[in-house]
Structures are given as structure tokens and as C-alpha cells.
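Colleague: Please show the model, so that we may discuss it together.

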Amino acid sequence: MNPARPSVRLLCTLLLACVLLPAASATAADGDHPLTMRGRWLSDHEVRLTWNPIRSPLVLERRVAGEPYFESIAVIEPRRTECTAEGLKVNTTYEFRLRTDPTYYLDEYGPQIKLSYDLPAPKPPEVKRAGIDAVTVGLNPDTVRWNEDTSIQMRIEGVFEEVGRINETDSLVFIDGLEVYRPQLFRALYMSETNVSEPSVPDTSYLSFPPPRDLHIRVLNDHSIELSWSPPTDYEHAYQVEKLEGADTTKYNVNTGDTSWVDDDVDFDRRTFYRVRGISGENIGEFSGVISARLQMNTVENLDVDRIEDLTVQLSWNEPAPVSTTYYVQRSINGGPFETIAELPSSARAYTDSLARGGLNVAYRIQSANSRGNRIVSEPVSHAVRTVAQGMIYLQVGPRGDAWLIDADEISASEFTRFCDETGRDYPEIPDFSPGAYWIEGYLAPAVMVTWDDAIAFCNWRSRSMGLEPAYDDSGRVINESGGFRLPSRALLALAVDSLAGGASAAKNGANLLGREDGYHWLAEGLGDDINPQHPVHLIGNVWEWVQDEVGGGGGRLAVGGAFSTPSHIIAGEVPDSAHPRGWYAPTIGFRCVLPVTVAVQAE
């Protein structure tokens with residue numbers, strides 16, 4: 001048998017052993033006849049017959065069981081005791097006998113011996129997928145082992161044809177070029193030079209070609225997208241992308257192994273549809289689901305404005321998709337028209353703006369533009385720039401004296417924390433009475449544990465952050481009378497107390513002092529964001545406050561006003577004070593700032 005074969009390849013090695021069925025023999029009753037034979041199969045088509053030696057010539061005869069007549073197949077010389085019968089068929093019962101030559105009587109015929117070589121059909125072969133259009137075919141492990149070839153046949157156009165053989169050298173048959181979505185039938189037959197077994201029951205293989213999975217679109221710019229997907233199987237193959245744009249459908253081939261494709265000719269602001277399928281030779285897989293893309297201008301996302309310093313702000317934003325090529329930062333001051341103040345590349349995600357002065361209500365927006373001239377503007381975000389006088393109270397020293405602005409409350413822990421963060425200074429120690437973190441943004445208790453030098457450093461930083469000249473040099477000496485923030489003098493702080501209705505007595509009545517039922521066990525918090533206070537608070541009690549005045553010849557400094565630990569009964573009609581070294585600090589000492597009105601007016 002030599003049928004036509006499709007493309008095949010043989011793999012691996014498997015040893016097959018011959019299974020021999022027991023040879024038939026004469027009955028016991030015939031065992032004493034001198035022409036009794038014994039048979040032993042040598043292969044599927046050869047049997048060796050043996051007998052005891054006879055002096056006369058013999059004739060060996062054979063017939064297929066059920067046939068009426070024996071035929072002579074060999075003349076045996078005297079005393080010869082064996083003969084090999086060849087060309088036998090499997091699954092066929094043969095009858096053999098000897099007779100003398102010549103033969104005259106019935107008793108000169110020997111007893112018949114029946115022999116058959118039973119070769120069952122193989123078990124259905126095992127078919128396993130080896131590619132999009134390929135399978136391997138091997139023997140079922142439960143099949144009878146065979147020492148010759150096993151033919152693997154495939155049904156082609158309705159007829160089974162051999163596509164490969166399994167033998168001692170090759171244990172698998174590889175078959176490719178199959179058609180997907182079509183049942184493929186394979187069967188096995190044992191074969192030798194003479195014999196062919198009955199075919200096995202066919203095994204069916206059905207090769208599907210599923211669609212790609214997990215389609216995803218990533219926008220690259222205002223005219224390009226990247227389409228990607230996951231392979232549908234473990235076998236590499238090529239792909240085809242179908243693009244539907246309006247009434248136009250275009251197909252693009254993607255190389256084997258690639259799982260992404262870039263479309264750099266996408267119409268702007270027009271929805272485009274895509275789907276993908278696999279291709280392997282003549283086989284075409286199923287299309288994936290449809291995914292769409294539409295390139296359009298979108299405003300920046302999460303536009304935010306943060307204050308870096310009092311006159312410096314930073315804008316930040318995110319881009320929803322890389323469609324823009326240019327950003328225009330636009331600003332409006334106090335409700336005026338928006339003006340472009342910066343042109344930035346599409347990679348920018350932040351912009352820092354410096355303002356000339358405080359007291360402004362500033363709004364910002366981002367205009368996004370692409371290479372095709374399309375533009376879109378975000379919603380504005382606003383930022384109120386703190387004025388130099390914000391949170392301060394006006395004081396007039398005498399009818400024709402200098403006018404000052406004084407902080408309505410003490411410098412808070414929150415403000416001092418920001419000062420430390422922006423200047424790289426270490427935070428002061430945490431006071432013992434604090435239940436937890438003290439130096440954090442938003443905590444309105446007074447900044448304590450600060451030295452006189454810490455206080456003037458804060459004043460200089462506050463001046464610079466508001467665009468003012470510092471008032472102090474590094475030694476703490478006032479070098480610029482027209483400079484910015486500074487500590488008040490004792491007299492100025494006393495004037496602030498006197499400015500209250502009722503003076504020191506009234507300030508004492510509302511003070512946080514020891515022995516008073518003021519609702520505070522330790523420190524009272526300040527005013528926070530109350531930017532229009534009516535009068536100063538905590539001028540008496542809460543914390544002692546550093547002032548500008550020097551005492552003694554050793555550089556000591558005054559702190560005035562008393563603290564939460566000061567007994568209320570020692571506060572009479574005057575503002576109390578105490579002297580300390582300038583490097584001294586305690587959980588009961590803080591400070592507040594003052595600013596010449598003339599400086600504030602110039603700054604505004």
C-alpha cells in the first residue's frame with residue numbers, strides 16, 4: 001500500500017515489540033502419530049513447523065480453515081524435521097498436515113494442526129494540537145505494541161490516505177497545513193511487508209482559530225494611536241487589522257509575533273473602529289470585538305494652584321491624552337481679561353508664576369492646542385495672594401507718630417512649620433504638654449520653644465516671601481528702617497494693649513492665664529484664616545512674646561505679656577515683662593510681628 005501523503009514530519013523514537021499468540025497444535029489423541037507437527041510463529045507472516053524424523057520423503061500441505069482442499073506447499077527430504085511456511089496472513093486460521101510421498105493409505109496422512117496469528121486493530125491514535133494548522137499523531141498508550149510500522153492515515157477528500165508512519169525511529173507524525181474549523185479524521189493501522197491490520201476507530205481533531213483578546217488603544221499624538229492585543233493561543237502567527245472609518249474599510253497585515261500596530265493616519269475628531277483577527281497560511285481566524293478611538297481636544301485634568309511663597313505660585317495639571325502639542329498658560333488679575341503669560345511644550349505638567357505684589361485675586365487657565373490648530377481652554381482656578389497687611393491691626397503712635405501694623409495673634413505653629421520647611425531649618429522641640437505632633441501645617445497654637453534669634457529669622461523670611469526687604473542683619477540689628485517685618489518694641493505692644501477698650505484690665509479679663517476659667521488647659525489657638533480681625537488677641541496671657549528691646553549689657557531680650565502659666569492675680573494695670581538671654585527658649589514663649597504702614601502702602 002503506497003497512498004499519496006500530505007506534508008509530514010516524523011519525530012522521536014519508540015521501540016515496538018512483537019506480540020505473538022500461542023501456536024495451535026495437534027490434539028493429545030494424535031500425539032502418538034509419527035507425522036504429528038508442532039508450530040511456532042517467527043513473525044506475522046512466518047511460522048516454523050517441526051516433527052520427528054521420518055525415513056521416507058514427505059509432503060507438507062496447507063489450507064485456509066473452511067476451504068475444502070489442502071494444497072501441497074513443500075516436498076520434504078527424508079529425515080528432515082522442520083519447514084518454514086511464509087507469506088501468511090494475519091487474523092487467518094491455517095491448517096497444516098504431513099503425508100508420505102507417495103501416499104497410498106489414509107493412515108499415511110498426519111494429523112492436522114491449526115495455526116493463526118491474531119493481530120487486533122490498534123486503539124484510536126492520540127491527536128494533539130501543535131500549531132494553528134498543525135497536529136501531532138501518536139499511538140494510544142493502551143494499544144497492542146507492534147514491532148513493525150504503524151501507518152497513520154488521514155481522511156482527504158473522503159478517502160483515508162497515509163500521512164506518515166510510526167516505527168522504532170519515529171514515535172510521532174507531525175502534520176501541518178490543516179484547515180481550521182473543519183473536522184480532521186485520523187486512524188492507525190499495523191503494517192509489515194506482508195500484512196495490514198484492520199484500521200483503528202478514527203480520532204477526530206477540530207482546530208479552532210479564536211480571535212485576539214484584550215484589545216486596547218493608546219493615543220500617541222493628535223494623529224496616531226497604538227492598537228494592542230493579547231494572542232488567542234500559544235502559537236505564533238500573523239494578524240490582520242481591519243479599520244473602519246466612515247464608509248471606508250481598510251485591512252492591514254501585521255507580522256508574525258507582533259501583537260501591536262500603529263495607525264499614524266487617524267482623522268481628528270472622528271470616530272474610527274478597529275478589529276483584529278489571526279492569519280496563518282490559508283487559514284483566517286475569527287475577528288475580535290470592535291474597539292473605537294476618537295482623537296479630540298480635551299482640557300487638562302486636575303488643574304491646581306499651590307502657593308510656594310506669598311508672591312509665588314505653582315500650577316500643576318495632568319493631560320487626559322497626548323493630543324496636545326502646546327500649552328498656553330493664561331492669567332487674569334482681579335477679574336480682568338485672561339492674557340497668555342507662557343507657552344509650554346506638551347510635555348510640561350507644571351508652571352511657576354511670580355507676582356509683583358500681594359493683595360491680588362489671580363485666576364489661571366490652560367489653553368491646549370494641537371498641530372492642526374485646534375484649541376480648547378480649561379476651567380480657571382483661582383488663588384488669592386495674601387497682602388502684606390493681611391491678618392494685621394492698624395496702630396497709630398500719638399497724633400503725629402509713626403503708624404504700624406501688628407499681627408492680630410501670635411505666629412502659629414503652622415506658619416513656623418512652613419518657615420522651617422522652606423528654609424531647611426530643623427523644627428523646634430515639641431513642648432512637653434503637646435498630646436501629639438506639634439509642628440504640622442494647619443495647627444493654630446502659638447509657635448513656642450523658639451529663641452529671639454529664631455523669631456527675627458522668621459521676620460526676615462516673611463519679608464522676603466512678600467517681596468519686601470528684610471529689616472535685620474544676621475546679628476539681629478535693624479539695618480533697614482524701611483524694611484519689612486520685625487518684632488514690636490515693648491512700648492508698641494503696650495500701645496496695642498491700650499488700644500483695646502478698657503486697656504490692660506480688659507485684656508486680662510479675656511486672657512489665658514493661670515487661675516482663670518478660660519476653657520484652655522494649656523495654649524489657646526489663634527485666629528487662623530480670619531483675614532479681617534477687629535482687634536488683636538492674646539496680648540495678655542497665652543504665651544510671653546519676644547520684643548525688640550534689649551536689656552542689660554549682655555544682649556538679653558525682653559518677653560512681655562505673660563503666659564498660660566502666669567497667675568492672673570499678678571497682672572495689674574500694666575503689661576508684665578521678663579528678661580531672658582536671646583538664645584533661651586521655653587514652652588511659654590512665642591512672638592508676633594509688626595510692619596511699618598508706609599512699607600505696607602508701598603508694597604500694595
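Colleague: Which residues form a nonpolar patch on the surface?

Modeller: This is a predicted model, in which local features need pLDDT (the predictor's confidence in each residue, from 0 to 100) of at least 70, side-chain atom pairs count only at pLDDT 80 or more, and totals for chains, interfaces and linings use all residues. Residues are numbered from 1 along each chain as its sequence is written, and side-chain values use heavy atoms, without hydrogens and water. A patch joins residues with over 30% relative accessible area and no salt bridge (a side-chain nitrogen of Lys or Arg within 4 Å of a carboxyl oxygen of Asp or Glu), like charges within 9 Å and nonpolar side chains (Val, Leu, Ile, Met, Phe, Trp, Tyr) within 5 Å. With about 240 Å² of accessible area together (Shrake-Rupley method, 1.4 Å probe, only the protein chains shown counting as cover), the patch consists of Leu244, Phe273 and Val290.

Colleague: Is threonine 312 buried or exposed?

Modeller: Buried means under 20% relative accessible area, exposed over 50%, and partly exposed in between (1.4 Å probe, protein chains only). Because its relative accessibility is 14%, threonine 312 counts as buried.

Colleague: How many of the 14 residues of H2 are buried?

Modeller: Helix H2 covers residues 452-465; helices (H or I, at least four residues) and strands (E, at least two) are DSSP runs, numbered from the N terminus. The buried residues include Trp452, Phe458 and Trp461. H2 is largely enclosed by the rest of the structure, because the buried residues number eleven.

Colleague: Over which residues does pLDDT stay under 50?

Modeller: Where pLDDT is low, the predicted coordinates should not be read in detail. The chain averages a pLDDT of 86, but the values stay under 50 over residues 1-29.

Terms used
Contact = heavy atoms within 4.5 Å. Expected span 1.5 Å × (residues − 1).
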